[in-house]
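Q: Could you take one part of this model and walk me through it closely? I'd like the buried spots and what sits around them, then the sheet.

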Amino acid sequence: MKTKKVVGLISGGKDSIFNLLCCKSLGFEILALANLTPENIVEIDSYMYQSVGKELVPLISECIEVPLIRKSISGKAINQEMNYKTTQGDEVEDLFELLKNVKERFPDIQGVSCGAVMSNYQRNRLEEVCHRLKLQSFCFMWMLPEHALLNSIIESGLRSMIVKVASFGLNGSFLGRMISDCVDDFENIQNKICRDFHCCGEGGEYESLTVDGPNHLFRNNYISIESFQSICLDSNPYAPVYALRPIEYQLRRKEKSNDEEIKTVLPFLDPNYSLFYYICDTGRYKLASFEPEKGIESETKINTIDISIENPSDSNDLFEIHSFETDTTFLITIDLNFNSLNTNSYSEKISKFILEHLSNKDWFISSKAIYLDVLIPLFETENTFFRLFELSELWDMINLESFGVKWNPVININYSTNKRVINSKFHIVIVKNSINAGEILIKESCSSSISSYGTSIPRSFSNCIIVSSGKSFNLLSNFQYKSGAIEDTCILLSSSIYGLIPHSGVVPNCKEIKNFLEMVDSKGFKNLDIQLSIELSLSLRSFRCDLNSSIYNSHILGFKNDVEYRFDVFNITHVWIIEIFKNEGISLSKVADYFKSLINEYNYNKSYNSNKWSEIQKFIETSKYPSIDPIVIPMHVDYLPSNTMCKLIPVSIIMNDYKDYCVELSNSEFNFWSFESRSFSNHKAIIILFELKETKIVSAEKWEKIINDLRMSVQNTLGKHGFSLDDKVICSKFFVINEYYNLINQYQDQLIRASFISPVRMLPNSSVIKYLIVVGN
C-alpha cells in the first residue's frame, strides 16, 4: 500500500487512538486530528459521538504533535435508518462539515482513520460522508474479535482510562481505572453476570480516554489526571450510569528515551505473517495443481465463418438501448462508444430516453437498481485502464439517480482486449416496486472502508444486495432459525471479488508469498499454481466475510454465540463465476474441482487449530446442514485489473430447507443445448445454466435454429417449475468466446440483447457459449 496522508477522527477513546497506531504501522502520515464536541454539557445524547472526556482531547493533540480541528455538534439523530442518506439537521452533517473543513485546510489528505469495531450504524455514516468528500475511510479494527482486539490494544502500549460506565456489572468504582487493570473483571462479567457484555465496550458498556501511548505516537508528553468528579447520570440499581469529569489535569514530560521502532499492532499488518493470518488463521487454504493433461483444454483458434446478422436498430450513433421488461424487473443494456465521446452527452441522452419510456410507469419512482455489469474495451493505443478505487465514477457517469432509479447496485466490471469488442456496455437490472401492490423488499450492504474483514467496494455500489418477495428482514421474524422456518426465499447478489489482501487492496507480492510458503508445505507445485491457489483462497474468504456482514447488517441473523446458524454462506451459494487471467497451462476443469474442494475445507476440515483470531470466521455444523453442489463456471478472460489472477462473482439463495433443493440435468428441445438447473419446491427461485453443444456455428440459418431452441427451452424449463419470463429476472448473462461475441451481440431477440454478454478467451470443455438465468417470483 502506498503511503497515505490521513486525518485521525478521534473521540479520545482507546479505539480511535489505536486505529492511528494501525495507520502508523503501515507508514501512513497523520496530518491532523478531527473531533466533534458538544457545548457545556457532560454528555450529549448521540448515536455517533463520544463526549465524556472532551476536555482532554486538545491535550491528546499536543501529545501526538499534530493540529486538532474541532467542531461543535449542533444536529440531532434525525435519520436513524441503517443506510444513511443526506439529511439536513442530522448530527452526521456536523461530521461532513468538520471533514470538509479539514480537507480544505489540508488538501493532501486522502483518508480518514476511524475506530469503528462493530457498529454498522456508525461505519455506514462515516463511509457516506467520506464518499461525498472523495476520501477513503480506514477502519482496521472492523469486526475483529473482542478479546483478541482488547489484548492487542493493551499490548500496543496504549494507556486508556475508563471515563463512563453503563452496564450490568459495572459501577462508579470503575471510573479512573486503566483498562489494562479491568480485563479480568470484564471477563468475569461476561461469564457470570451478562453474556452480552462486550469487552471492548461496543455495546456502550463503558467509554475510555487515552492518556498515554508508545513514544512514536505520544512523542514527548502524556496526560496526568490529578483529580476528577464522579457524576451519576442514572441511578438504576442494576446498571447505573456514571461519568467522569476531570478537574485537575496537565501534560507531563516523558522521560528521555530513544525513538521507539514502530511495531505491528495487529497480526495482519505484519507482511511476514499477513497471508498466513488471512488464509490459515481466519480462512482456509490448500494447494493444487492446475496443469492440464496433454492435449486437453489448450487454447485453440476456431475457424469461424463470418455470419451476417441483419441489425434493424435505428438508434443514434452515440448509443443503443435494449430493454426487457417483466412484471417485476426491468433489464436495460446500453451500448456506447465509451472511449471517444463526452460522457455528459451519454448521461443527458440516456436520461431523456429513460424519462420518455419509463416515467409513465407506476413503479418508476420506487424502482431500485440492484445489478450493474460493465464491459470496457481496452485498446493498446489508449490508456483506458481503470483502478478499483475509480469505479465509483461509473455510477455517476450513467447518472441513473437523476431519473429516479434509487439504491446502490452490486457491480461487476469486465475488460476485453478482443478487437471485436468496440463499444462499452452497461447492463442494469432494475427491480420494480409497484405503488399499488405489495413491495419487493431489498436490503443493500455497503462496505467501502479499508479493513481486514473483507474487500472494500466504492461507496457508489454495494457489497451485497438481498432481494426478497415481501417478507420483512427482522431477527424476530421467520429468518431466525430458532423462531421457525424461513417462509420467504431471498436472492443475494454480490459485487465481484478479487484475490486481494483485504487491508491493502493489492495482490500478494513475492516476499509475502515466500514467507507464507515457509509456513506450509508447498513442495511439488508450480509458482503459478501457488499464486492462483492463494488468490482464490483470499477471494473466497473476503466473499464469506462480506456476505456474513451483509446478512448481519440486514437483520437476518446475528453473530452472538447463543444464536444457532440457519445456514453458512457456502451452503446458500449456488453459482460461482470464476474469471481467470494469465492462463498459461491452467486447466479450467481442475480449477472448478479445486474450488469445490476449497469450499469443503471450510465446511468439513476440523484440523485447523482455533486461536484468538479465529472468531472472525464462524462455521455451521455440517452434519445438520450438508453442503450443496454449486454451479461453478470458470473461464479465461482477456484482462483483470491490479495484476490479479482471479475474480469471483457469486449468486446465493436462502432457501426454506435443503429437502426443497433440486438439481436437474437435461437437454434442450432440439438438442442444441444441455443445461443444469437448481430449483426449489416452494417455487420461489430457479437457476438455469445452458451450455451450447455445438463447437462451430457455420451459418446464419444454423444460428437461428440454435437461438430459437434456447429461447424455447428457457420458457419450457421455467414453466415446468412454475415460473415464466414475467417473473423477477434477476440475472441474465451470456459467456461467449471472443470469436462469437458479435454473433450474440447483434442478435435482435429482446431478452438476449438486454442481457449482459461477456466475451471470454476460453470456457471449460471446449464450450463456446454458456447462458445463465436466475429467476425469482
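A: C139 is buried, with a relative accessible area of just 1% (buried means under 20% relative accessible area, exposed over 50%, partly exposed in between, with a 1.4 Å probe and protein chains only). This is a predicted model, so local features need pLDDT of at least 70 and side-chain atom pairs count only at pLDDT 80 or more, while totals for chains, interfaces and linings use all residues. Residues are numbered from 1 along each chain as its sequence is written, and side-chain values use heavy atoms, with hydrogens and water left out.

C139 is found in the loop between β5 and α5 (strands are DSSP runs of E, at least two residues, helices are runs of H or I, at least four, and both are numbered from the N terminus). Skipping residues up to four places away in sequence, C139 touches N19, C114, A116, L126, S449, I450 and S451, where contact means heavy atoms within 4.5 Å. There's a long-range link here too: the C-alpha atoms of C139 and S452 are 8.5 Å apart, though their positions lie 313 residues apart along the chain.

Now the sheet. β5 (136-138) is one of its edge strands, along with β3 (68-72), and each pairs on one side only; to pair, two strands need at least two DSSP bridges between them. The sheet is open, has five strands in the order β3-β2-β1-β4-β5, and its pairing is parallel. Direction ignored, neighbouring strands are turned by 25° against each other on average, with axes fitted as lines to C-alpha atoms, for helices over the stretch in contact, and angles running from 0 to 180 degrees between N-to-C directions. At the β3 end, five bridges join β3 to β2 (residues 29-37), and the two run parallel. In that region L36 stands opposite K71 in β3. Helix α3 (residues 91-105) packs on the sheet, touching β1, β2, β3 and β4 (111-113), and its direction makes about 150° with that of β3.

One more buried spot: S11, in the loop between β1 (5-9) and α1 (14-25). At 19% relative accessibility, S11 counts as buried. Its side chain reaches the backbone nitrogen of G13 at 3.1 Å. Leaving out neighbours within four places in sequence, S11 is in contact with S16, N35, Q50 and V57.

Note on methods
Polar contact = N/O pair within 3.5 Å; in protein donor to acceptor, adjacent residues only side chain to side chain.
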